[in-house]
Amino acid sequence: DGPVLMLAGAGTGKTRALTARIVHLLNTGRARPNEILAVTFTNKAAREMKARVNSLLSAQHPKGLTVSTFHNLGLTIIRSEIKTLGFKPGFSILDQEDCRNLLKELLVRHSELDDKLIDTVQNTISNWKNALLEPGDATSVANSTGEQSIAMLYERYQRALKAYNAVDFDDLIITPVMLFRQYPEVLAKWQRRIRYLLVDEYQDTNLAQYELVKTLVNEKQALTVVGDDDQSIYAWRGARPENLMQLQEDF
């Protein structure tokens, strides 16, 4: 029931070990399916893991077992807590191109920045969100006139998203983290739901994803993580392989 970190190289069976752990928890009756949450990075990997679990179980296929990507987990939390978050039913998730167009419109109307910098603006805001920096925080850490302008644009962008009853892809992680920080009773409800949390390819988590996992586990510490500290394929979007080492401090 304590925290477990498995480090191994590519192709050595990390996901297989994670799958076997889920099967063991279910076959021995240590947990019901709806008390287990497994998280990975792609929908394809999530589907494959769930299929593996089903093929290995001695009993019938488990109802309520959640094998999800980080972003689908965030979306589930947002949908469940939609009133607390202040969204209206049927909120939208804007794709990267929609977000780019919205930012470009705001940049032309409200900023002195050259609209050719739109990719830089979008990447900077995404990196801030992945580092759990809200607009006010971004203003504090901005270390140049250009970054200050992007921080002001970030604030307008978040207001526009709210007006459109929409979120972007990065909001699917930062929004639940901030929700849990602001509403301890909501966090407590989710912590009660999840007895066992298992995460694949942990070296690819960014700060926001790490914080979401750490917050959900909290003092129960029934956490299993697998990863390869020599391999990180998502460094371009803020992945922090050092999160594997941070686990040893936080747990």
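Here's a quick tour of a sheet, two nonpolar cores and a couple of unusual backbone angles. Keep in mind that the model is predicted. At its heart for this briefing is an open sheet of five strands with parallel pairing. We'll also look at a nonpolar core of 38 residues and at two residues, N165 and E201, with a positive phi.

**The sheet**
- If you walk across the sheet, you meet the strands in the order β1-β7-β6-β2-β3.
- β1 (4-7) and β3 (66-69) sit at the edges and have a single partner strand each, so one side of each has no neighbour in the sheet.
- From one strand to the next, the twist averages 15 degrees.
- As background, strands of a sheet pair through backbone hydrogen bonds, and they can do that in a parallel or an antiparallel way.
- Take β2 (residues 36-40) and β6 as a pair to look at: they run parallel and are joined by four bridges.
- In that pair, you'll find A38 standing opposite L198 of β6.
- Helix α3 (residues 70-80) packs on the sheet, where it touches β2, β3 and β6.
- The direction of α3 makes about 110 degrees with that of β3.

**The nonpolar cores**
- The largest nonpolar core has 38 residues, and the ones touching the most other members are F180, L197, V199, Y202, V213, L216 and L223.
- Helix α9 (residues 171-182) gives the most to this core, chipping in seven residues.
- Y202 is worth clicking on: leaving aside residues up to four places away in sequence, its contacts include Y210, V213, V225 and V226.
- Y202 also touches G227, N243, L244 and L247.
- There's a second, separate core too, made of 21 residues, with L94, L107, W128 and A151 among them.

**Two odd backbone angles**
- Here's the general rule: most residues other than glycine have a negative phi.
- N165 isn't a glycine, yet its phi is positive, at about 55 degrees.
- You can find N165 in the loop between α8 (145-163) and β5 (166-167).
- Is N165 buried or exposed? N165 counts as buried, because its relative accessibility is 11% and the cut-off for buried is under 20%.
- E201 is another residue other than glycine with a positive phi, this one near 50 degrees.
- E201 lies in the loop between β6 (196-199) and α11 (207-217).
- With a relative accessible area of 25%, E201 is partly exposed.

Note on methods
Residues numbered from 1 in each chain as written. Predicted model: local features only at pLDDT ≥ 70, side-chain atom pairs only at ≥ 80, totals over all residues. Heavy atoms only, no water. Buried < 20%, exposed > 50% of the residue type's maximum accessible area, 1.4 Å probe, protein only. Pairing = 2+ DSSP bridges. Axes fitted to C-alpha atoms, helices over the stretch in contact; angles between N-to-C directions. Contact = heavy atoms within 4.5 Å. Core = buried A, V, L, I, M, F, W, Y, C linked by side-chain atoms within 4.5 Å.
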